[in-house]
Amino acid sequence: MSDVIVAPETRDLDELASALAGWMAAKMPEARDLSVVNLDYPRGAGQSHETILFDAEWTEGGQPRSQGCVVRIKPSRFTVFPDNLFDEQYQVMKVLSDGGLVKVARPLWFEVDPGVIGAPFFVMEKLKGRVPVSIPPYAKSGWVSEATPEQHRRMWEGAVRQLAAIQLVPVDTERFLEGPAHAREGLAQEWDKYCRFVDWLEEVEPQVILRAALDRLKGLWPANQPEGMVWGDARIGNMMFGDDYEVLAVMDWEQPSLGGALHDLAWFVVLSDTMHGPESQMGAHLPGMGTRAETVALWQEVCGKSAADLEWYEDFTQLKMSCTGVRLSHLRGTTMMAPDIMAKRLKVG
């Protein structure tokens, strides 16, 4: 496990413990002597939202009780995305958890009042598992790199089945994710989001390469646009696994939409190639992880949707990732990617 804290912001955890204890006591009137302990930040993951692990302990009916929890706090300064979907990520998790549709941590409470800890937040159940971290890359060191090919295979298959399960969620259960009037759902919604993302980035500096990439993709518009919801950051690194290498939870629902089924599949295969594929840029090839073709075949089998035109969605994924990279460079005052490398990745110039 990584020892690196990568949270965008940190705070005094003793003060947070006191505030959360008082807040939770009001939510749990049967609890007595409630305390919040063991607060800590996840290591090697969680760069866009401040996320803190903790345990709640109390007495109820004369018996000691405890609950592992996670608090996720709305960003106030370190905002990576132009759209504020903090409320929606909690709503998505509630729908998925209540319906048993996708494996997620059980949402417990949502707090809109920023006065409690300085920003709105929500609390969810803490699960006991392991996450393939990005810092350092999970294919290079740690428990994933040390696993057997059979264990890698189990991780991959479970991950792809959960990825496909997202596309079995009826979009009518997620209507709160609709976009603006001119781009309510489908590819139009996801396209509109990233056109606005580029506009937002241009408030800092011109984005000639990103503009050219948008023009290129628009000229190659895909015929296949199956409906479905978008998880947003679809990768093994946003899943938690048990000791048996089975998926325990799909995490980080911070940029959901009704943008269509192929966006997550494209993101997943692009990140798989980057993180652990035969031409991995971040670590080493992990024997047992499914190939791109195997991933696409299993995804189609489980969700029953066509992956035709996936290559276009993969190119769109590269544009999305580049938008995020440019935004992070603005926030951190660093250069994330050289222009010539970005142009090559986006097939322009």
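**Exercise 1.** Determine which strands helix 1 lies across, and how the helix runs relative to strand 1.

*Solution.* In this predicted model, local features need pLDDT of at least 70, side-chain atom pairs count only at pLDDT 80 or more, and totals for chains, interfaces and linings use all residues. Residues are numbered from 1 along each chain as its sequence is written, and side-chain values use heavy atoms, with hydrogens and water left out.

Step 1. Helices (H or I, at least four residues) and strands (E, at least two) are DSSP runs, numbered from the N terminus.

Step 2. Helix 1 (residues 13-27) lies across strand 1, strand 2 (50-60), strand 3, strand 4 and strand 5, where contact means heavy atoms within 4.5 Å.

Step 3. Its direction is at about 140° to strand 1; axes are lines fitted to C-alpha atoms, for helices over the stretch in contact, and angles run from 0 to 180 degrees between N-to-C directions.

**Exercise 2.** Establish the strand order of the sheet and which strands stand at its edges.

*Solution.* Step 1. The five strands form an open sheet in the order 1-2-3-5-4, with antiparallel pairing; two strands pair if DSSP finds at least two bridges between them.

Step 2. Strand 1 (32-40) and strand 4 (107-111) each have a single partner strand, so one side of each lacks a neighbour in the sheet.

Step 3. From one strand to the next, the twist averages 25°.

**Exercise 3.** Identify the bridge partner of Cys-69 in strand 5.

*Solution.* Step 1. Strand 3 (residues 63-73) and strand 5 (residues 121-125) run antiparallel and are joined by five bridges.

Step 2. Within strand 5, Cys-69 is partnered by Glu-125.
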